[in-house]
Amino acid sequence: MNASSSHTAVDGTANATGPLAGIRVIDMTSVGMGPYATQILGDMGAEVIKVESPDGDVFRHAEPARHAGMGAAFLNLNRNKRIVTLDLKRDDDLLTLKRWIAEADVFISNVRPASLRKLGLDDASLRATNPRLIYCGAYGYAESGPYAGQPAFDDIIQARSGMAQFQGANSDEGPRYVNTILADKVAGLTVAYAIPMALYERERSGLGQAIEVPMFETLVSFLAVEQLAGRTFEPALGGTGYGRVMSPHRKPYRTQDGHIALLPYTSAQWARFFALAGRPDLASDPRYADPAGRSANIDSLYATLADIMQARTTAQWLDLLRDADIPHGEVPHYDEVLDDPHLRATGMVFEYDHPTEGRLRAVGIPTAFSRTPGNIRRWPQPLPPRGVPAADSDEP
């Protein structure tokens, strides 16, 4: 595929080129999940109008920042959006928002549904005046269950879904969180694929519909793929937890002078690795000779791997594994990832000049389309005065 994508330009004069060009999204979300989803929609060409309260998105204040209200996390979640400040306690601002939604394709909010109903911003009310509207509620828990309406953030969902327990299973400290806002981003990705699906269906039916993306259910589903394990069966064929990923020896392996990521996977790859290691006998060991044996003896296999890897330097292993076509990788610090030659060559990591924040580094659009590539048209914007659109845009 001869695909292309505009990773490295931030051009306020550019037109939307992505597959969602012409779609208007009213975005009433904050923090991580919703803004991550709507940034993806914006990157793919949608016109995203982000509605903030006079206090602004709370993520504006996540450090570090050069100026108040323009923190790094906010900058990395809110490009390709037009910012408008509205106070929904004021009747005129609420009517303005409803007018915009009446002309939009998509409305997305992470406000609790009970609060939206009080404002007349529920699905039934809005689609009564705009039957083609795709209405997306992105919040903690499904409305059909007893947790409906409870406050929920990433840490709470990581804990409640079982993620924290799985992550800390081999730690003396007990349950622990993944060192990224995983629940927010997984749910955000789910929002980002659900909305285009609904838009596609609208092309056939002519009608909009409501979408619910609850973080709790989304992360439980995400984990269940492999971690449901023996509980997939009834009666159960063992407990939860996929043995390979739960092994305490599953981690980058120490070499003589550093670490390396290594994952022989097929029987042929394991045989080549054992030959490189000077242990060809292990390829015929009943514990490791086939996938079923390796799965049943994963802890001892990975422990053996850890011992073997300490015999050579990282550079020596990299050369050997590359020549043998065995899956492997270096283990850089994240600062080094930003200078990765592959990412630089593809334009994924780039710098640009922001009108208020100066020189910034950003990560571009990872997906590429051969005819309708996404592009970056608008930088993350400061919070404007109430009712006034950001400086580089017209009235919504």
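Modeller: A residue counts as buried when its relative accessible area is under 20%, and as exposed when that value is over 50%. Keep those cut-offs in mind as we walk through this predicted model.

Biologist: Happy to. Why is Ala-183 called buried?

Modeller: Its relative accessible area is 1%, and the cut-off is under 20%, so Ala-183 is buried. This residue sits in helix H8. Leaving aside residues up to four places away in sequence, Ala-183 touches Asp-154, Ile-157, Gln-158, Met-215 and Leu-219. The C-alpha atom of Leu-219 is 6.2 Å from that of Ala-183, although 36 residues separate the two along the chain.

Biologist: What makes H6 and H8 roughly perpendicular?

Modeller: The axes of H6 (residues 154–161) and H8 come within 7 Å and cross at roughly 90°. Angles of 65 to 115 degrees count as roughly perpendicular, so H6 earns that description relative to H8. In this contact, Asp-154, Ile-157 and Gln-158 of H6 meet Leu-182, Ala-183 and Asp-184 of H8. By class, these residues are three nonpolar, one polar and two charged.

Biologist: And how do you know that H8 is roughly perpendicular to H9?

Modeller: By the same kind of reasoning. The axes of H8 (residues 182–205) and H9 (residues 215–227) cross at roughly 95° and come within 9 Å. That angle lies in the range of 65 to 115 degrees, so H8 is roughly perpendicular to H9. On the H8 side, the contact is made by Leu-182, Ala-183, Asp-184, Val-186, Ala-187 and Thr-190; on the H9 side, by Met-215, Thr-218, Leu-219 and Phe-222. These residues comprise seven nonpolar, two polar and one charged.

Biologist: What makes the reach of H9 close to what is expected?

Modeller: H9 has 13 residues, and its first and last C-alpha atoms are 18 Å apart, close to the 18 Å expected at 1.5 Å a residue. Among its buried residues are Met-215, Thr-218 and Leu-219. After H9 comes Ala-229, with a positive phi near 45°.

Biologist: Let's turn to H3. How do you know that its buried residues are on the same side?

Modeller: The buried residues of H3 are Asp-93, Leu-94, Leu-97, Trp-100 and Ile-101. They cover an arc of only 120° around the axis, which puts them on the same side of the helix. An α-helix has 3.6 residues a turn, so residues three or four places apart point the same way. Asp-91 and Leu-95 are exposed on the other side of H3. The buried residues pack against strands E1, E2, E3 and E4, along with helices H4 and H5.

Biologist: Now a charged side chain. Why does Arg-60 count as buried?

Modeller: Arg-60 has 2% relative accessibility, and the cut-off is under 20%, so it counts as buried. Arg-60 is placed in the loop between E2 and helix H2 (72–75). Its contacts, not counting residues up to four places away in sequence, include Glu-52, Phe-74, Ile-83 and Gln-381. Pro-64 lies in that loop between E2 and H2 as well, and a cis peptide bond joins Glu-63 to it, with omega about 5°.

Biologist: Where is Pro-235, the other proline I wanted to ask about?

Modeller: Pro-235 is in the loop between H9 and helix H10 (243–246). The peptide bond from Glu-234 to Pro-235 is cis, with omega near 0°.

Biologist: Asn-80 and Asp-325 caught my eye too. Is Asn-80 buried or exposed?

Modeller: Asn-80 has a relative accessible area of 1%, so it is buried. This residue lies in the loop between H2 and E3, and its phi is positive, about 55°, although it is not a glycine.

Biologist: What makes Asp-325 exposed?

Modeller: Its relative accessible area is 60%, and exposed requires over 50%, so Asp-325 is exposed. Asp-325 is in the loop between helix H14 (314–323) and strand E9 (328–330). Its phi is also positive, near 55°.

Biologist: One last buried residue, then. Why does Gly-364 count as buried?

Modeller: At 6% relative accessibility, Gly-364 falls under the 20% cut-off, so it counts as buried. Gly-364 is in the segment after strand E11 (358–363).

Biologist: How many of the 396 residues, as a percentage, count as buried?

Modeller: The share is 44% of the 396 residues, in a protein with 16 helices and 11 strands.

Methods. Residues are numbered from 1 along each chain as its sequence is written. This is a predicted model: local features need pLDDT of at least 70, side-chain atom pairs count only at pLDDT 80 or more; totals for chains, interfaces and linings use all residues. Side-chain values use heavy atoms; hydrogens and water are left out. Buried means under 20% relative accessible area, exposed over 50%, partly exposed in between (1.4 Å probe, protein chains only). Helices (H or I, at least four residues) and strands (E, at least two) are DSSP runs, numbered from the N terminus. The arc is that of the directions from the helix axis to the C-beta atoms. Contact means heavy atoms within 4.5 Å. Axes are lines fitted to C-alpha atoms, for helices over the stretch in contact, and angles run from 0 to 180 degrees between N-to-C directions. Angles under 35 degrees count as roughly parallel, over 145 as roughly antiparallel, 65 to 115 as roughly perpendicular and the rest as oblique. Ala, Val, Leu, Ile, Met, Phe, Trp, Tyr, Cys and Pro count as nonpolar, Asp, Glu, Lys and Arg as charged, and the others, Gly among them, as polar. The expected span of a helix is 1.5 Å times one less than its number of residues.
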